Amino acid sequence: MGILEGKRILVTGVLTDASIGFHVARIAQEQGAEVALTAYPRPTLTQRTAKRLPSGPDAPPPVIELDVMSTEQLGALAGNLREHGFDHLDGVVHAIGFAPQTALGGNFLDTPWEDVATAVHASAYSLKSLTMACLPLMKDGGAVVGLDFDATKAWPVYDWMGVAKAGLESCARYLAKYLGPQGIRVNLVAAGPLATMAAKSIPGFEGMTELWPQAAPLGWDVKDSEPTARACAALLSDWFPATSGEIVHVDGGLHAIGAVC
Ligand SMILES: NC(=O)c1ccc[n+]([C@@H]2O[C@H](COP(=O)([O-])OP(=O)(O)OC[C@H]3O[C@@H](n4cnc5c(N)ncnc54)[C@H](O)[C@@H]3O)[C@@H](O)[C@H]2O)c1
């Protein structure tokens with residue numbers, strides 16, 4: 001029996017089969033969960049990707065259009081899930097990140113506030129708005145898991161996305177505080193760099209993907225999202241019943257190292 005047997009889980013951020021969200025959805029299905037997906041900007045690409053999940057091309061999970069910056073679409077989410085037979089949720093996966101190009105790649109000192117605001121809205125505030133949109137379906141408690149990139153350090157080129165991730169980390173702690181009494185756990189997985197669309201859109205991110213495999217004590221494969229997705233599945237499961245507001249590092253151990261030499 002899988003660790004997510006009988007659970008119903010909403011997974012965001014599935015764009016391609018390289019998306020971390022795709023691997024979380026894959027492992028969730030392998031572990032016995034019933035999965036629903038959200039899609040942005042268009043459902044068509046996510047629908048195509050969803051056919052590659054273990055449920056197969058003939059029984060893909062429901063795909064619901066969702067821009068986390070749209071109050072209207074967030075407001076319709078619970079109703080849309082109910083229409084697809086999801087009358088409750090046990091888990092929600094936030095695998096969403098976006099920052100305009102001006103906010104990345106070494107532009108830190110010149111980024112205008114409007115672009116910073118977009119990065120924070122899409123990448124940090126959205127953890128709160130997505131969770132609140134799902135709350136009507138989480139009457140029996142559940143688990144929210146988000147994807148993070150260690151925000152305790154200033155990285156090359158990550159710039160305002162790093163500030164947004166610091167906001168995401170703090171947001172997760174406040175959600176853990178406010179939703180704990182309803183039996184809802186909120187945790188993050190801080191992954192090392194992985195070769196996805198989001199990573200490729202950051203100018204100069206190759207520097208990190210080259211450094212990480214050599215510097216991480218356990219080594220690191222930028223093409224392997226399995227360790228990250230497994231950690232998400234574990235946090236969604238009943239095996240972390242008293243853990244909330246936590247950040248689990250899945251980075252080959254790099255966060256623990258002070259100097260690389
Ligand atoms: N790839 C990495 O190196 C890495 C490392 C650590 C954490 N992360 C985080 O993992 C998460 C998933 O990213 P990924 O690397 O799988 O890349 P990805 O490009 O496959 O996924 C990013 C997703 O964010 C979605 N998104 C962007 N703006 C949105 C909006 N307004 N509304 C709804 N969805 C929106 C995109 O549709 C896409 O599905 C992100 O939070 C990212 O920051 C990535």
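Which residues of H1 are buried? In this predicted model, the buried residues of H1 are Ile20, Gly21, Phe22, His23, Val24, Ala25, Arg26, Ile27, Ala28 and Gln29. Helix H1 spans residues 20-30, and because 10 of its 11 residues are buried, the helix is largely enclosed by the rest of the structure. The packing partners of these buried residues comprise strand S1 (8-11), S2, H2, strand S4 (91-94), S5 and helix H8 (226-236). Just after H1, Gly32 adopts a positive phi of about 100 degrees.

The ligand is surrounded by 26 residues, of which Ser19, Ile20, Tyr40, Leu194 and Thr196 come nearest. Ile20 is also one of the buried residues of H1. Polar contacts to the ligand involve the protein backbone at several positions. A nitrogen atom of the ligand lies 2.9 Å from a backbone N or O atom of Val68. An oxygen atom of the ligand is placed 3.0 Å from a polar backbone atom of Ile96, and a backbone N or O atom of Ala198 lies 2.9 Å from an oxygen atom of the ligand. The ligand taken alone exposes 820 Å², and the protein buries 95% of that area.

Tyr40, listed among the residues that come nearest to the ligand, precedes a cis peptide bond: the bond from Tyr40 to Pro41 has omega near 0 degrees. Pro41 is located in the loop between strand S2 (34-39) and H2. In general, most peptide bonds are trans, and most residues other than glycine have a negative phi. Two departures from the latter pattern concern Val157 and Asp159. Val157, although not a glycine, has a positive phi of about 60 degrees; this residue is found in the loop between strand S5 (142-148) and helix H5 (159-179). Val157 counts as buried because its relative accessibility is 18%, below the 20% cut-off. Asp159 likewise has a positive phi, near 45 degrees, and lies in helix H5. With a relative accessible area of 15%, Asp159 is also buried.

A further acidic residue, Asp251, lies in the segment after strand S7 (247-250). Asp251 is buried yet has no salt bridge, and Lys153, which carries the nearest side chain of opposite charge, is 7.2 Å away. The side chain of Asp251 instead reaches backbone nitrogens, that of Gly253 at 2.8 Å and that of His255 at 2.9 Å. Beyond residues up to four places away in sequence, Asp251 touches Ala190, Gly192, Trp212, Ala216 and Trp220.

Arg52 is found in the loop between helix H2 (43-50) and strand S3 (63-65). Its relative accessible area is 56%, and Arg52 is therefore exposed. When neighbours within four places in sequence are set aside, Arg52 is in contact with Asp17 and Phe22. The side chains of Arg52 and Asp17 are joined by a polar contact of 3.1 Å, whereas Phe22 belongs to the buried residues of H1. Arg26, another buried residue of H1, is 26 residues from Arg52 in sequence, and the two C-alpha atoms are 8.8 Å apart in space.

Methods:
Residues numbered from 1 in each chain as written. Predicted model: local features only at pLDDT ≥ 70, side-chain atom pairs only at ≥ 80, totals over all residues. Heavy atoms only, no water. Helix = DSSP H or I, 4+ residues; strand = E, 2+ residues; numbered from the N terminus. Buried < 20%, exposed > 50% of the residue type's maximum accessible area, 1.4 Å probe, protein only. Lys, Arg positive; Asp, Glu negative; His and termini not counted. Salt bridge = Lys/Arg side-chain N within 4 Å of Asp/Glu carboxyl O. Polar contact = N/O pair within 3.5 Å; in protein donor to acceptor, adjacent residues only side chain to side chain. Contact = heavy atoms within 4.5 Å. Near = heavy atom within 4 Å. Areas by Shrake-Rupley, 256 points an atom, 1.4 Å probe, with all protein chains shown as cover.
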